Amino acid sequence: MRPTALDWSAENCTVARAMAVLGERWTLVVLREVFNGIRRFEDMREHSGIPRQVLTNRLNMLVEQGVLHRVPYREPGERERQEYRLTEKGFDLYPVLVAVREWGDRYLADPAGPPVDMVHRDCGSPVRTHLSCDEGHEVGSPREVATRPGAGAVRRTPAAATAA
């Protein structure tokens, strides 16, 4: 059976666009650091082990993409430097980081267990990702989700659809 997804172009795919921003290994590590309150370049570099030039490039890209913004600070007797803070667009990536951590904890953690726990500040219970629809129904499995063309979908031409 031919998948109906082949009838629609993937050229304007938002997953591909998101991965152009997030897909490099160090990018999520930078975001992990900032979400954990590490906002200064040297602290980030030291804590994460990211090479200096790679960290510079990732921070610049995340600022250009509007995920982070720079905030100046100055330690007494030092020159002005920049801290990196999350924008609203950046905060919206938190569920992505939680989902990646959950997957890593499940499949890649050391035998002793995961290195960190994420808990709700108010009650101390573990924080997890879950899927639900706009009507509030919990989605227990990806098999319960149907993919269909959205408002921005572009139908492939018959020649392109049959060539694929």
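This briefing covers helix packing, aromatic rings and a few single residues in one structure. The model is predicted. UniProt, in an unreviewed entry, lists residues 13-112 as "domain: HTH hxlR-type". That span is 59% helix and 12% strand. The C-alpha atoms at its two ends lie 39 Å apart.

**How α2 packs against α4**

- Two packed helices are described by the angle between their axes and the distance between the axes.
- Helix α2 covers residues 25-35, and helix α4 covers residues 52-64.
- Their axes come within 10 Å of each other and cross at roughly 75°.
- Angles of 65 to 115 degrees count as roughly perpendicular, so α2 and α4 are roughly perpendicular to each other.
- From α2, the residues in the contact are W26, T27, V30 and L31.
- From α4, they are V54, L55, R58, L59, M61 and L62.
- By type, the residues of this contact divide into eight nonpolar, one polar and one charged.

**A closer look at R58**

- R58 sits in helix α4.
- Is R58 buried or exposed? Its relative accessibility is 18%, so R58 counts as buried.
- The cut-off for buried is under 20% relative accessible area.
- Setting aside neighbours within four places in sequence, R58 is in contact with E24, W26, T27 and V30.
- W26, T27 and V30 are also among the α2 residues that meet α4.

**How α2 packs against α6**

- The axes of α2 and α6 come within 11 Å and cross at roughly 110°.
- These two helices are therefore roughly perpendicular to each other.
- L28, L31, R32 and F35 are the α2 residues in this contact.
- They meet Y94, L97 and V100 of α6.
- The residues of this contact divide into six nonpolar, no polar and one charged.
- L31 takes part here, and L31 also meets α4.

**Aromatic rings**

- How many aromatic pairs does a search of the whole structure find? The search finds three.
- A pair of aromatic rings is described by the distance of the centres and the angle of the planes.
- One pair is F35 with F91: the ring centres are 6.2 Å apart and the planes are at 70°, so the pair is edge-to-face.
- This pair links distant parts of the chain, with F35 in helix α2 and F91 in helix α5 (residues 88-91).
- F35 and F91 are 56 residues apart.
- F35 is buried, because its relative accessible area is 17%.
- Another pair is W103 with Y107: the ring centres are 5.5 Å apart and the planes are at 50°, so the pair is tilted.
- W103 and Y107 are four residues apart in helix α6 (residues 94-107), so about one helical turn separates them.
- Ring pairs also link F35, F91 and Y94 into a cluster.
- Two members of that cluster, F35 and Y94, are among the residues where α2 meets α6.

**R101 and V127**

- R101 lies in helix α6.
- R101 has a relative accessible area of 14%, so R101 is buried.
- Leaving out neighbours within four places in sequence, R101 is in contact with V116, M118 and V127.
- V127 is found in the loop between α6 and β3 (131-132).
- V127 counts as partly exposed, because its relative accessibility is 26%.
- Not counting residues up to four places away in sequence, V127 touches V98, R101, M118, V119 and H120.
- M118 is in contact with R101, and M118 also touches V127.
- V127 and C13 are 114 residues apart along the chain, and their C-alpha atoms are separated by 29 Å.

**A10 and C133**

- A10 is in the segment before α1 (14-22).
- Is A10 buried or exposed? A10 is exposed, because its relative accessible area is 58%.
- A10 and V154 are 144 residues apart in sequence. Their C-alpha atoms are 8.2 Å apart in space.
- C133 is in the loop between β3 and β4 (138-139).
- C133 has 31% relative accessibility, so C133 counts as partly exposed.
- C133 and F41 are 92 residues apart along the chain, with 39 Å between their C-alpha atoms.

Terms used: Residues are numbered from 1 along each chain as its sequence is written. This is a predicted model: local features need pLDDT of at least 70, side-chain atom pairs count only at pLDDT 80 or more; totals for chains, interfaces and linings use all residues. Side-chain values use heavy atoms; hydrogens and water are left out. Axes are lines fitted to C-alpha atoms, for helices over the stretch in contact, and angles run from 0 to 180 degrees between N-to-C directions. Angles under 35 degrees count as roughly parallel, over 145 as roughly antiparallel, 65 to 115 as roughly perpendicular and the rest as oblique. Contact means heavy atoms within 4.5 Å. Ala, Val, Leu, Ile, Met, Phe, Trp, Tyr, Cys and Pro count as nonpolar, Asp, Glu, Lys and Arg as charged, and the others, Gly among them, as polar. UniProt positions are given in the numbering used here, feature names are shortened, and annotations may be inferred rather than shown by experiment. Rings of Phe, Tyr and Trp (its six-membered ring) pair if their centres lie within 6.5 Å; planes under 30 degrees apart count as stacked, over 60 as edge-to-face and the rest as tilted. Buried means under 20% relative accessible area, exposed over 50%, partly exposed in between (1.4 Å probe, protein chains only).
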